[in-house]
2 protein chains.
Amino acid sequence: MNKVVWNQCRALLEEKRFRDLRELLAGENEVELAEVLEALAPEQAILTFRSLPKEQAAEVFSQLPPESREVIVSSATDQELGEIVEELFVDDAVDTLEELPANVANRMLRQARPETRRLINQFLQYPDGSVGSIMTAELIDLKKTDTAGAAIARIRRVGGDCESIYTCYVTDSQRMLEGVVSLRQLLLAADDTPVEALMDPSVITARTTDDQERAVETLMRYDFLSLPVVDKEGRLVGVVTVDDVMDVMEEEATEDFEKMAAMAPSEKPYLKTGVFALAKHRVAWLLVLMVSGMLTGGILGRYEAAFAAIPLLVTFIPMLTDTGGNAGSQSSTLVIRGMAVGEISLADFPRVVWKELRVSVVVGAVLAAVNLVRLLIQYPGSQMICLTVTIALFATVVIAKTVGGVLPMAAKLIHADPAIMAAPLITTIVDALSLILYFGIAQRLLPL
Amino acid sequence: MNKVVWNQCRALLEEKRFRDLRELLAGENEVELAEVLEALAPEQAILTFRSLPKEQAAEVFSQLPPESREVIVSSATDQELGEIVEELFVDDAVDTLEELPANVANRMLRQARPETRRLINQFLQYPDGSVGSIMTAELIDLKKTDTAGAAIARIRRVGGDCESIYTCYVTDSQRMLEGVVSLRQLLLAADDTPVEALMDPSVITARTTDDQERAVETLMRYDFLSLPVVDKEGRLVGVVTVDDVMDVMEEEATEDFEKMAAMAPSEKPYLKTGVFALAKHRVAWLLVLMVSGMLTGGILGRYEAAFAAIPLLVTFIPMLTDTGGNAGSQSSTLVIRGMAVGEISLADFPRVVWKELRVSVVVGAVLAAVNLVRLLIQYPGSQMICLTVTIALFATVVIAKTVGGVLPMAAKLIHADPAIMAAPLITTIVDALSLILYFGIAQRLLPL
């Protein structure tokens with residue numbers, strides 16, 4: 001929406017010329033309209049929303065963030081509520097209801113027609129993160145005895161109520177999936193071709209109870225625009241569309257970033273999350289890691305005599321533990337991400353460990369060599385200390401990378417989340433191991 | 001593809017019954033066929049590929065990884081090469097040519113028709129990571145004077161050569177974009193409706209030279225299936241489709257994971273990258289961070305007298321630096337990811353800093369309190385040491401979170417990559433600061 005339209009919109013609101021406002025906004029994009037509503041004061045947003053025609057209103061509504069939806073719903077009449085809930089696609093209606101305060105949600109649900117209400121209640125039961133929770137019910141179903149021409153005619157008739165009309169599903173009288181045919185195939189075929197001759201009978205599906213990440217993987221693997229969803233009896237109950245899958249992809253990646261940085265994943269965008277909510281997401285893991293840092297301190301305490309005798313030893317601790325932590329994070333990040341995008345599976349366990357071991361030897365050797373040269377220049381008289389630090393560095397890198405490769409796969413093996421179990425722990429584990437190594441080597445090589 | 005088909009396929013290959021093989025594979029999904037080719041020995045893969053009908057062959061080819069493409073291309077006759085390059089969508093042809101050894105690529109390009117060659121050469125010039133490099137040239141263009149019926153007829157005629165037929169673009173005689181209309185709108189309208197009445201004249205576009213991440217953002221924001229691409233004169237030159245954008249999303253997230261874990265991003269999947277390539281991606285940052293770890297060690301060296309006097313002080317170092325590093329990474333990760341998905345912009349700088357400051361006070365207070373209680377129990381006689389560690393911990397968390405919030409935005413401000421500039425450095429910077437703080441406080445509070 002350009003500045004001119006925006007200014008006109010505000011002027012018409014001021015002058016309460018709602019019919020003109022409706023005309024002004026009729027051609028605007030619903031995503032941009034939603035952004036305009038968000039930017040307006042609540043009362044003005046409500047007035048603007050009411051000026052929109054019914055169908056456009058539903059589209060704009062589904063683009064609004066939860067807080068703005070609540071503002072609109074709270075001020076709507078029962079009739080308006082009924083119109084919104086009927087016009088929304090069922091997945092958007094369910095999202096809205098889940099986010100509204102219970103009393104408002106119930107009022108909204110009461111305004112829906114019985115069949116809509118039944119459908120919404122069914123959708124509300126799919127657990128968060130399941131394919132059922134992101135699918136929508138509106139789709140084009142065809143019979144295999146239809147001709148291409150009849151199928152296109154049907155799409156032209158009922159397509160207005162569907163989120164996705166470009167992939168059609170062929171079902172029998174029991175709603176069992178028999179095949180899939182794209183609008184493209186229908187259009188490119190002669191009018192009298194039967195759907196059965198065009199459809200692909202080996203349909204790739206997801207189940208309502210599958211993890212939503214599976215839908216992402218399947219859609220990406222096959223470059224589909226939508227994926228049919230079946231219940232446990234194999235009956236077609238909905239469809240997952242590519243725009244929803246993209247949202248899931250972005251959310252899942254964000255969640256992995258958060259988990260790997262030792263945070264509980266948050267539902268809302270950063271700027272909309274309160275200070276205490278942010279603090280709560282962060283403090284739990286920091287406490288755990290602080291306690292494990294104390295354990296590392298305990299290990300260090302056992303060598304008090306050593307660094308009281310040679311205080312210089314202490315100054316190499318940050319370099320050793322930081323390098324170990326960084327080397328371990330590199331490996332764990334690659335393995336966690338590889339598993340998340342489906343490039344690495346548990347069957348690759350031995351290959352990953354063997355690869356990390358070899359990489360760590362190469363990387364460790366380079367770092368150790370650079371480090372040795374630098375130490376010999378800086379501390380010309382202390383060859384044995386230089387050697388101690390260098391050996392410890394090499395061993396730390398090898399151990400860090402091996403642990404970094406093994407830990408995420410071990411987490412997966414016991415059905416724990418690799419991002420949350422492995423990433424934040426790597427540094428702590430590697431810290432402890434590298435200190436034990438360092439002082440172990442020092443006690444053998446140095447006069448302690 | 002099921003096991004039965006797979007076994008039949010291998011049997012037919014053994015018996016060299018290629019015509020039967022062609023029939024067997026005719027109905028199979030091209031993504032799965034590509035996976036089958038990858039799993040076969042090279043000679044068998046070539047034979048199988050040759051049994052496929054021309055169009056299916058091109059689709060399977062575009063799904064193959066670079067190594068397998070090279071095997072196929074190297075063994076193909078000039079005529080076969082010409083058929084492949086003509087059947088491929090131009091973006092897939094360009095990808096293939098970029099990955100092939102120069103002599104093979106040139107041989108392939110020579111077999112293309114002059115107009116295809118001209119188009120490919122133009123596409124080869126778009127820099128890696130630009131919108132131009134991921135777009136395809138084949139699209140449906142309409143004139144605004146067409147009727148919906150005529151437009152549908154045109155789509156049915158030429159749609160077979162287009163990657164995406166569901167969004168059509170309206171251009172004038174100079175190929176300047178005048179509007180966009182979806183196949184859905186065309187189908188739902190009466191046959192005699194002019195395209196001009198249906199099209200949306202305010203088209204959202206990308207430029208060939210835009211960063212590909214911009215295409216991702218736009219497509220996600222508007223839930224489009226494709227995005228038109230214009231050159232700097234505003235002429236329509238191609239279209240970016242949602243499946244390509246999903247690949248970009250996944251690549252960009254993977255790159256950010258790699259950069260934030262202090263690695264150079266890699267082009268190939270982990271299991272297909274060699275040991276030395278992996279080592280090379282990792283060693284550069286580790287060297288940089290090792291050197292900065294040495295600087296931290298140098299800081300620590302200045303306080304040798306302090307920890308020679310009270311060796312207990314040393315045992316708290318891992319807990320302090322680890323907690324600081326973790327607290328800082330939490331903040332930088334949220335800000336980097338927020339900027340990557342477009343939730344946080346540079347204009348939010350003051351809000352982010354203010355938010356991080358408040359969060360850090362809450363988090364720091366909780367950690368400090370837990371820590372103080374534990375220290376007082378464990379070291380009942382050393383109240384001043386307990387107090388020193390506790391104050392240092394609180395200050396470390398506050399500084400770590402502030403630096404973690406500021407650094408990525410500062411990187412963005414000077415047009416550096418926040419993921420690469422901020423994430424790996426946080427730990428090192430925070431380490432140094434927390435040690436200076438810790439010993440600074442110790443020197444004031446303790447008899448040193």
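Helix axes here are lines fitted to C-alpha atoms over the stretch in contact, and the angles between them run from 0 to 180 degrees between N-to-C directions. With that in mind, the tour of this predicted model can start at a pair of helices in chain B.

**First stop: helices 4 and 6 of chain B**

Select residues 42–51 of chain B, which make up helix 4, together with residues 66–75 of the same chain, which make up helix 6; their axes come within 10 Å and cross at roughly 70 degrees. Since angles of 65 to 115 degrees count as roughly perpendicular, helix 4 of chain B and helix 6 of chain B are therefore described as roughly perpendicular to each other. The crossing of these two helices of chain B is right-handed. To see where they touch, show the side chains of B:Pro42, B:Ala45, B:Ile46 and B:Phe49 on helix 4 of chain B, and of B:Ser68, B:Val71, B:Ile72 and B:Ser75 on helix 6 of chain B. Coloured by class, this contact shows six nonpolar and two polar residues, with no charged residues.

**Second stop: helices 3 and 5 of chain A**

Move to chain A and select helix 3 (residues 30–39) with helix 5 (residues 54–63), whose axes come within 8 Å and cross at roughly 65 degrees. Helix 3 of chain A and helix 5 of chain A are therefore also to be viewed as roughly perpendicular to each other, and their crossing is right-handed. On helix 3 of chain A, display A:Glu30, A:Val31, A:Leu33, A:Ala34 and A:Leu37, which meet A:Gln56, A:Glu59, A:Val60 and A:Gln63 on helix 5 of chain A. Here the contact has five nonpolar, two polar and two charged residues.

**Third stop: the sheet of chain A**

Staying in chain A, turn to the three strands that form an open sheet in the order 1-2-3, with mixed pairing. Strand 1 (141–142) and strand 3 (177–182) of chain A lie at the edges and have a single partner strand each, so one side of each is left without a neighbour in the sheet. Next select strand 2 of chain A, residues 167–171, which pairs with strand 3 of chain A in the antiparallel sense over five bridges. Two places along this pairing are worth labelling: A:Cys168 stands opposite A:Val181 in strand 3 of chain A, and A:Thr171 stands opposite A:Leu177 in that strand. Following the chain between strand 2 and strand 3 of chain A, you pass through a hairpin with five residues between the strands, and in its turn A:Arg175 has a positive phi of about 65 degrees.

**Fourth stop: the sheet of chain B**

In chain B, three strands likewise form an open sheet in the order 1-2-3, and the pairing is mixed. Its edges are strand 1 (141–142) and strand 3 (177–182) of chain B, each with a single partner strand, so one side of each is left without a neighbour in the sheet. Select strand 1 of chain B with strand 2 (residues 167–171) of chain B, and you will find them paired in the parallel sense over two bridges. B:Asp141 can be labelled together with B:Tyr169, its bridge partner in strand 2 of chain B.

**Fifth stop: between the chains**

Now show both chains and select the contact, which takes 84 residues from chain B and 85 residues from chain A. On the side of chain B that touches chain A, helix 17 (residues 275–301) of chain B gives the most, with 16 residues. That side of chain B divides into 49 nonpolar, 18 polar and 17 charged residues.

For a closer view, select helix 17 (residues 275–301) of chain A and helix 20 (residues 349–378) of chain B, whose axes come within 9 Å and cross at roughly 40 degrees. These two helices are therefore oblique to each other, and the crossing is right-handed. The residues that make this contact include A:Phe276, A:Arg282 and A:Met290 of helix 17 of chain A, and B:Lys355, B:Val363 and B:Asn371 of helix 20 of chain B. By class, the contact of these helices has 14 nonpolar residues, one polar and three charged.

**Last stop: the axis**

How is chain B brought onto chain A? A rotation of 180 degrees with 0.0 Å of shift along its axis superposes them, with an RMSD of 0.1 Å. The two copies are thus related as by a two-fold rotation axis. Select B:Ala308 to find the C-alpha of chain B nearest the axis, 2.8 Å from it. The same surface serves both copies, as 100% of the contact residues of chain B recur in chain A.

How values were computed:
Residues numbered from 1 in each chain as written. Chains lettered and ligands numbered in written order. Predicted model: local features only at pLDDT ≥ 70, side-chain atom pairs only at ≥ 80, totals over all residues. Pairing = 2+ DSSP bridges. Helix = DSSP H or I, 4+ residues; strand = E, 2+ residues; numbered from the N terminus. Contact = placed C-beta atoms within 7 Å. Nonpolar A, V, L, I, M, F, W, Y, C, P; charged D, E, K, R; others polar. Parallel < 35°, antiparallel > 145°, perpendicular 65-115°, else oblique. Left-handed = near helix turned anticlockwise from the far one by under 90°. Least-squares fit on C-alpha atoms with pLDDT ≥ 70 in both.
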